[in-house]
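I have a new structure open today and a fresh notebook page. Come along while I look things up.

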Amino acid sequence: MKNIAQKYSRKLFKFHPQTYYHSLRVAQISRTIGNIIGISESELNELYYAALLHDIGKLCIPLDVLKKPGLLTSEEWELIKEHPRKITEILNPQEYQKINTIIPAILQHHEHYDGKGYPNGLKGEEINFYARIIAIADTYDAMTTNRVYKTKILSPQEAFQEILDNAGSQFDYFVIKEIQKTNISKLDKEHLVNKRILNQKQRI
């Protein structure tokens, strides 16, 4: 699993460094959330690699779409929404089999707890547990780092409040409440990655 994750992370770095750095932060934040919840070490490792590969499907998205500074057209947005499925096209059969335990997390990280996400409109516990954690980490990073298409960056506290406001709709209520019990500074990426990585710009 580690070798496959490293292989495709290197490909992503060469293709679109900003998405690579985003994925690295999401992996670290996901692992922190996993620690807060108290999952096992083996589960933490699976969660980390699933999060590291969660956006690997963007290797199939045109760079001009990923780098576009303005709003996406409806056609461009439909392309973006296909990126979770692309993992099945990118991996060869042997690789797919080796990481099959984390494939659902990669496929489902944009599903919403209320069923209004994509690509399959899954809801509640139909959604893979790792995917529910990655969804929170992904959104947290999106709101607290520079993006080519936005001007406002939220503080960790503001971002977590936004996530809390969407607990039970977009996000798993149980996971959010567990995070709420601890110090929100544990999710502050300044404690997880260096500022050179934080200053990179990317699109979700």
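Here are my entries, from the whole fold down to one helix pair.

Before anything else, I note that this is a predicted model, where local features need pLDDT of at least 70, side-chain atom pairs count only at pLDDT 80 or more, and totals for chains, interfaces and linings use all residues. Residues are numbered from 1 along each chain as its sequence is written, and side-chain values use heavy atoms, leaving out hydrogens and water.

**Entry 1: the fold.** I looked up the secondary structure and found 12 helices and zero strands. Helices here are DSSP runs of H or I with at least four residues, strands are runs of E with at least two, and both are numbered from the N terminus.

**Entry 2: burial.** I checked how much of the protein is buried (under 20% relative accessible area, 1.4 Å probe, protein chains only). Of the 204 residues, 49% are buried.

**Entry 3: the core.** I looked for the largest nonpolar core, meaning buried Ala, Val, Leu, Ile, Met, Phe, Trp, Tyr and Cys residues joined through side-chain atoms within 4.5 Å. It has 46 residues, and Ile33, Leu53 and Ile136 have the most contacts inside it. Which helix gives the most to this core? Helix 9 does, with nine residues.

**Entry 4: a helix pair.** I then followed helix 9 to helix 11: Phe129, Ile133 and Ile136 in helix 9 meet Phe174, Val175, Ile176 and Ile179 in helix 11, a contact being heavy atoms within 4.5 Å.

Conventions: Buried means under 20% relative accessible area, exposed over 50%, partly exposed in between (1.4 Å probe, protein chains only).
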